[in-house]
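Here are some short exercises on backbone geometry and burial. Try each one with the model open, then read the solution.

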Amino acid sequence: MLADLDGVVYTGPRAIDGATSALDKLVGDGKSLAYVTNNASRSPEEVASHLRELGAPATADQVFGSALAGAELLAGEVAAGASVLVIGSQILADSVRAQGLVVVSASDDRPDAVIQGFSPALGWKDLAEAAYAITAGATWVATNMDMTLPQERGFAPGNGSLVAAVAAATGKSPLIAGKPEAALFETAARHSGVERALVVGDRLDTDILGGNRAGMATVLVLTGVDSTQTALAARFDERPNYMIRSLGEIYEEYPAITADDGTYSCGAAVARVAGSTVSISGREDDLNSWRAACAAWWAAHPDMTPKAAPEIVFATAG
């Protein structure tokens, strides 16, 4: 299993109810567990230590961030021993060196590539050096495109915002390693020795989209950003294979969804689509109602995303 962190294992400073016990059971049953994060500024050991403090089983070799994924992606784009201008943290620079690449400090060194990741110490001069090198023809990789970074005082600019500044200055776009691209998930699965991975996340536009792009099974948990309503209206490439309330339900038997002449059933709930309306016979607080509704709506629009979200009508008050 490849698990996202914030919104799946913990929210803020606290573990989500049932999450750590589910992870303990997973490890106890001998299943492979890895954590995937777009963070490129914290070391795997720092992330693992935080998880252990919350009661989750974690070692550094189970944590995969976008620094490693970015360095591996870059190594596949340039020759062995190529020079790289690192715009980001020491963790990112160490990841690049581990790929047999040479880290340089300025565009005057004529680097073959630029890799850009977040660090709170970055400033205008760093972005300028990146722009000079990229304009001169250097290969450009970004660890992730998270536009914002949650802080106690609000949302601060994330790596995506800083990448956007360099893109505006150069007129070029980077290769991207982190979510929602497939590289991070492929890196985690490869290092974990897993051929069939299950991606668990709370965000449709990063976790689920990235897992789908990597060809992996995806599970949306409802303890973070996205909800049953946003899942129902999800873009066709962001639709999860499964939907559960929390990570604590990962071991529960998933209910079968059956189809009969356009009617989709899950448990006691039944859903049907007529035009832009999804009619549901079932309780609104029953997750099976939403599972049936998603199956019906997605089947009606299998290869495209409707311009508007569906109208939802519950035939049975919940």
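**Exercises with worked solutions**

R110 is found in the loop between β7 (102-104) and β8 (113-116). Strands here are DSSP runs (E, at least two residues) and helices are DSSP runs (H or I, at least four), numbered from the N terminus. This is a predicted model, in which local features need pLDDT of at least 70, side-chain atom pairs count only at pLDDT 80 or more, and totals for chains, interfaces and linings use all residues. Residues are numbered from 1 along each chain as its sequence is written, and side-chain values use heavy atoms, with hydrogens and water left out.

**Exercise 1.** Find the sign of phi at R110, then decide whether R110 is buried or exposed.

*Solution.* Start with the backbone: phi of R110 is positive, about 50°, although R110 is not a glycine. Next, take the accessibility: R110 counts as exposed because its relative accessibility is 74%. The cut-offs are under 20% relative accessible area for buried and over 50% for exposed, with partly exposed in between (1.4 Å probe, protein chains only).

**Exercise 2.** Now treat D261 in the same steps: place, phi, accessibility.

*Solution.* D261 sits in the loop between β16 (257-260) and β17 (263-266). Its phi is positive, near 55°, and D261 is a residue other than glycine. With 66% relative accessibility, D261 counts as exposed.

**Exercise 3.** Which kind of peptide bond joins K179 and P180?

*Solution.* Look at omega, which is about 10°: the bond is cis. Then locate P180, in the loop between β12 (175-176) and α7 (183-192).

**Exercise 4.** How many residues of helix α3 (residues 66-75) are buried?

*Solution.* Going along the helix, S66, A67, A69, G70, A71, E72 and L74 are buried. That makes 7 of its 10 residues, and α3 is mostly covered.
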